[in-house]
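Student: Please take a close look at one part of this model for me. I should like to understand how that part is placed among its surroundings.

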Amino acid sequence: MTVTDAARASVESALELDKVDSHLHPEGSFDVADHPVPTGREEVWRFTPLRRLRDLHADADLSGTSVGAEADAPDGVRIESIDADSPLRGTSGFVPVDRVSARVWHEAARRYAVTVPRETELDAPVFIDVRGTGIEGASSTHVVITAEPHSKATVVFRFLGSATLADLTEIVVGDGAQLTVVSIDDWEDDAVHLGHRHAKVGRDATFKHVDVSFGGNVVRHDTTAEYSGPGGSVEMLGMYFADGDTDHGGQHIEHRLFVDHTAPNTRSNVVYKGALQGEGAHTVWIGNVLIRKVAEGIETYEENRNLVLTDGCQADSVPNLEIETGEIEGAGHASATGRFDDEQLFYLRSRGIEENEARRLVVHGFFNDLIRKIDVPAIEAKLTETVEAELAKNVLKALPGGDR
């Protein structure tokens with residue numbers, strides 16, 4: 001038995017001892033045969049347009065080579081290719097809960113690891129550009145990010161070009177470490193991306209995950225986190241902007257999140273904001289927090305806000321809490337979907353601001369507090385520019401003076 005097999009057996013054994021019934025998070029298994037091809041009638045797939053996934057959810061050949069990656073990392077960071085027997089695989093406690101992630105676990109065409117050594121504090125982010133050169137032939141990757149104890153780092157993934165991609169990212173945050181992972185989907189309009197990210201957060205460790213989705217035809221991300229010791233903190237931030245697109249169908253952007261409080265005195269905070277414009281644009285946000293019996297003294301909150309900018313859009317938002325103990329500091333959630341605030345627009349226009357500029361200000365204000373929390377200046381400036389570019393596609397263009 002290899003080290004990876006032993007780790008997998010240990011995880012599966014733990015699952016047998018502590019099963020949790022949840023319709024949003026089926027029982028995990030590494031065996032692909034345990035995950036039937038979804039039909040769309042399942043709770044976890046009912047929002048996803050399966051016919052547009054190019055069989056990534058079924059049995060598409062994942063050996064494509066049209067997706068490559070380039071890294072720019074500060075001194076001290078180890079970036080290396082790994083094979084299927086690497087002991088790094090599985091260190092996050094990840095167990096596949098669907099057919100896509102199970103297949104990527106076994107069949108990933110490319111596997112690599114990013115490691116920040118113990119007690120290392122990086123003075124600049126690690127940038128990894130994942131670029132696709134075509135949608136023909138599905139590609140797959142498996143990445144393991146490890147922030148060793150008492151290290152501090154930021155890792156930024158930028159997804160660019162055209163691709164059909166299924167990927168898996170395991171994240172291990174060691175005791176006392178501080179890690180930020182930023183993922184930016186800036187694909188071309190024809191890309192399809194199914195991503196799975198799973199983090200294990202150590203004792204007194206801090207993990208921030210920032211998920212930005214602007215590009216792509218269909219983007220679906222499953223992001224999950226658990227704790228390996230008390231005192232850990234998880235912050236999940238996300239922003240997305242979906243457009244209508246007559247050439248490829250309206251954009252479908254779906255984020256599914258699960259925070260599993262597996263240790264006492266842990267914290268989690270989830271804030272996602274999205275905007276929609278154009279006929280057929282569709283966004284989905286599913287948030288779920290599980291507070292286990294052992295997780296006494298925890299505090300958690302999840303929030304999703306959606307701003308509908310034009311007719312013909314649909315935003316689905318479903319927050320959930322599953323609580324197995326009453327000995328907690330606090331737990332709550334909020335969800336809202338609405339159009340432009342007419343009172344805000346009236347206030348701005350009554351002070352001499354034209355409608356075009358007023359709408360700009362409202363949307364930038366909607367996203368701005370979230371952008372500032374990313375704490376990577378170069379990324380923050382770029383996202384502000386991207387929001388402006390997205391607005392120009394539909395909302396501002398349709399108004400008088402909008403094509404200036």
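Tutor: The answer below begins with one strand and its sheet, and then moves outward.

This is a predicted model, in which local features need pLDDT of at least 70 and side-chain atom pairs count only at pLDDT 80 or more, while totals for chains, interfaces and linings use all residues. Residues are numbered from 1 along each chain as its sequence is written, and side-chain values use heavy atoms, with hydrogens and water left out.

The part chosen is strand 9, residues 192–201. Helices (H or I, at least four residues) and strands (E, at least two) are DSSP runs, numbered from the N terminus. Nine of the ten residues of strand 9 are buried, so this strand is largely enclosed by the rest of the structure. Buried means under 20% relative accessible area, exposed means over 50%, and partly exposed lies in between (1.4 Å probe, protein chains only).

Strand 9 has a partner on each side. Strand 7 runs parallel to strand 9, and ten bridges join the two; Leu168 stands opposite His196 of strand 9. Strand 11, residues 218–227, is also parallel to strand 9 and is paired with it over ten bridges. There, Leu194 stands opposite Arg220 of strand 11. Two strands pair if DSSP finds at least two bridges between them. Strands of a sheet pair through backbone hydrogen bonds, either parallel or antiparallel.

These strands belong to an open sheet of nine strands with mixed pairing, in the order 2-3-5-7-9-11-13-15-17. Strand 2 (78–81) and strand 17 (314–323) form its edges, each pairing on one side only. From one strand to the next, the twist averages 10°. Axes are lines fitted to C-alpha atoms, for helices over the stretch in contact, and angles run from 0 to 180 degrees between N-to-C directions. At one end of this order, strand 2 and strand 3 (residues 110–116) pair in the antiparallel sense over four bridges, with Ala113 of strand 3 as the bridge partner of Glu80. Helix 2 (residues 99–107) packs on the sheet and touches strand 3, strand 5, strand 7 and strand 9. The direction of helix 2 makes about 80° with that of strand 7. Contact means heavy atoms within 4.5 Å.

Strand 3 also offers a single residue to examine, namely Thr115. Thr115 is buried, with a relative accessible area of 3%. Setting aside residues up to four places away in sequence, Thr115 touches Gly76, Val77, Arg78, Thr146 and Glu148. Its C-alpha atom is separated by 6.1 Å from that of Ala147, although the two residues are 32 apart along the chain.

A further open sheet of nine strands, again with mixed pairing, has the order 1-4-6-8-10-12-14-16-18. Strand 1 (67–72) and strand 18 (330–339) stand at its edges with a single partner strand each, so one side of each is left without a neighbour in the sheet. Neighbouring strands here are turned by 10° against each other on average, direction ignored. Within this sheet, strand 14 and strand 16 run parallel and are joined by ten bridges; Arg267 has Glu299 in strand 16 as its bridge partner. Helix 5 packs on this sheet, and the strands it touches include strand 10, strand 12 and strand 14.

Returning to residues of strand 9, Ala199 and Val201 are among those touched by Phe207, as are Ile171 and Leu179. Phe207 is one of the residues with the most contacts inside the largest nonpolar core, which has 52 residues. A second, separate core of 30 residues includes Phe214, Leu237, Leu370 and Ile374. A nonpolar core is a set of buried Ala, Val, Leu, Ile, Met, Phe, Trp, Tyr and Cys residues joined through side-chain atoms within 4.5 Å.

Helix 4 (residues 355–372) has 18 residues and reaches 26 Å from its first C-alpha to its last, close to the 26 Å expected; the expected span is 1.5 Å times one less than the number of residues. A kink of about 30° in helix 4 is centred on Phe366, where the bend is the angle between axes fitted to the seven residues ending at a residue and the seven starting there. Phe366 and Leu370 are among the buried residues of helix 4. What covers the buried residues of helix 4 includes strand 12, strand 14, strand 16, helix 3 and helix 5.
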